[in-house]
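Open the model in a viewer and keep the selection panel at hand. The stops below say what to select and what is there.

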Amino acid sequence: SSWNTYIGDAGTRGVSGGERRRVSIGVDIIHGPSLLFLDEPTSGLDSTSAYSVIEKVRDIARSGSTVILTIHQPSSRIQLLLDHMIVLARGQLMYQGSPQNVTLHLSRMGRKVPKGESAIEFLIDVIQEYDQSEFGVEVVAEFARSGRKPPQLTEEEMSVSTAAPTPPPANRGHDWKNNRRLALKASEDSDYGFDRSVRSPYNNTSRSWSASHIGVVHQLRFTPTRQRTDQKAPNPMSSSPGYYTYSSDILPGTPTPHSSDYTVNENDYLTPDVAPKTVQHLGPKFANSIFPEIWILMRRNFKNIRRTPELFLSRLVVLTVMGVMMATMFMNPKISMQGITNRLSFVIFTVCLFFFSSNDAVPAFIQERFIFVRETSHNAYRASTYTIAGLITYLPFLALQAGVYACIVWKALELRGPFYYFFIVLYASLLSTNSFVMFVSSVVPNYILGYAAVIAFTALFFLFCGYFMNSHDIPVYWKWMNKVSTMTYPYEGLLMNQYQTNQTFGYDPNMKPVTGFGILSSLEISTVEFKKWENVIIMIGWAAFYRLCFYIVLRFGSKNKRT
């Protein structure tokens, strides 16, 4: 029913919370991971939605993936879906095994599950009772490790968990440690025989948390019940090329300490070292090869543009309107010094316009960066293919923008030189400035700083492009800024295309004709034909350089870290 429904956000109504959670899980499994970690996938959902999510997760596990998830207070229906369960309290293991064996585990502790009550919920109540007692949860953890029964609680201590939890006295941990705990350690013939080694949990510092702060966490693991059909070797440690080794294959004989009949050893939880000197073949890191991955990302980019055309349409409308204004303002330039000034003004304004038109890419990518970080954190695709697909997607739209503007102003301003060169310069200018803006947006943390950085660089590039001061007149210590400025090359290229000729464009005060070569010479711009193509190559080189920097930032700087 929600096939054609947008996911939605804070300002747009979309799918429900359960459907959004299932979509989130679907994004994580789209590349078929062998191992999937989920952190509280049912948080904030009602019981029906939570059950639906866990049911889908179980289907994922049955299809061949190992799923490990954390969950708080699962309902009885959800508990029936679980294959393996780990209960933690204060960072210690309280129980590990099948949910169906919780009742047996409690009975061996000497606690009987009341009729009609969930065994798992009763286990949590028991853990809370011990946590609020002077023994602490360490005795329950000791029972899970070695099978030594914890000391029985009094009726008063067992009734504490039914009351509202209150903060303990400030000296509770001190008294408990110095009195009861020391008595237990001093008793050599204790009936319980607690571990007194350095690694014992009893050597931890005193606790001062209230019962309301108990961190009881369920960690549940689904294990695949269906094996890969193309696994040929019977050895459980063998790995078929192209697939990960499953945890159920690696640990087929690991005992589960859910019974007091077995005393576990820490070596039971170590992966058996069958081939210590052999390298396990974990299969491909990414689900797709490079070219199919580029095609998939391109299709998604075009689909996003079709769904939200505002970004490119707004840029196209701006260039169209400004082109019409330039055509009507500088139409039919006169053969005079004012006509030359008008053409120079048109050229520098066009260069600045094309630079500013790419600034709207700053918030667009910053918003998309969060999606990129999440998707690449589990190897959904490569940073290189993302960069290449984004570049290829932009190319036709940038060509359309440059072509529309060029067609509007070319005839009206009676520009000379090859039209295709005029178009190529505008196109290369858009490409280089777009690459620069994308690089800046990948570095800054938010769009406010992104806009500030782009505006600052725009001012610097404009100042040193050669319009206000000829490149040869710029001080030596600032000449490098003229070379770095991405406005220098389209500015000089457009002037070369217009004035590399002996045609007269005006007359000086002495009524001597001013030719195109004379204008370029006065501006100290080259009059050699191939130099204007050199400017195009430099602009394309700057575009490639900024795209490479963009890729490096994505590859090594954009990590999935919580702040």
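Start with residues 447-469, where the chain is 74% helix and 0% strand and the end C-alpha atoms lie 32 Å apart. Helices (H or I, at least four residues) and strands (E, at least two) are DSSP runs, numbered from the N terminus.

This is a predicted model, in which local features need pLDDT of at least 70 and side-chain atom pairs count only at pLDDT 80 or more, while totals for chains, interfaces and linings use all residues. Residues are numbered from 1 along each chain as its sequence is written, and side-chain values use heavy atoms, with hydrogens and water left out.

**The end of the first selection.** Select Leu463, Tyr467, Phe468 and Met469, which form a nonpolar surface patch with about 380 Å² of accessible area together. Patches are made of residues with over 30% relative accessible area and no salt bridge; like charges are joined within 9 Å and nonpolar side chains (Val, Leu, Ile, Met, Phe, Trp, Tyr) within 5 Å. Accessible areas come from the Shrake-Rupley method with a 1.4 Å probe, and for residues only the protein chains shown count as cover. Within this patch, phenylalanine 468 sits in the loop between helix H16 (447-463) and helix H17 (479-484). Phenylalanine 468 counts as exposed because its relative accessibility is 52%; buried means under 20% relative accessible area, exposed over 50%, and partly exposed in between (1.4 Å probe, protein chains only).

**Annotated segments.** The unreviewed UniProt entry lists residues 312-332, 344-366, 386-413, 419-440, 447-469 and 536-554 as "transmembrane region". UniProt positions are given in the numbering used here, feature names are shortened, and annotations may be inferred rather than shown by experiment. Select residues 386-413 from that list: the chain there is 96% helix and 0% strand, with 40 Å between the end C-alpha atoms.

**Helix H10.** Next, select glutamate 293 and arginine 382, whose side chains form a salt bridge with the closest N and O atoms 3.0 Å apart. The pair ties together parts that are 89 residues apart in sequence, because glutamate 293 lies in helix H10 and arginine 382 in the loop between helix H13 (361-377) and helix H14 (383-412). Both glutamate 293 and arginine 382 are buried. A salt bridge here is a side-chain nitrogen of Lys or Arg within 4 Å of a carboxyl oxygen of Asp or Glu; by this rule the count is nine.

Now select arginine 306, which is also found in helix H10 (residues 290-307). Arginine 306 counts as exposed, at 60% relative accessibility. Add Arg299, Lys303 and Arg307 to see the positively charged surface patch that they form with Arg306. Lys and Arg count as positive and Asp and Glu as negative, with His and the chain ends not counted; the place of a charge is NZ of Lys, CZ of Arg, CG of Asp or CD of Glu.

**A salt-bridge network.** Select Glu142, Arg145 and Arg148, which are linked in a network of salt bridges. Glutamate 142 meets arginine 145 at 2.9 Å (N to O) and arginine 148 at 3.0 Å. Glutamate 142 is buried at 5% relative accessibility, whereas arginine 145 is partly exposed at 31%.
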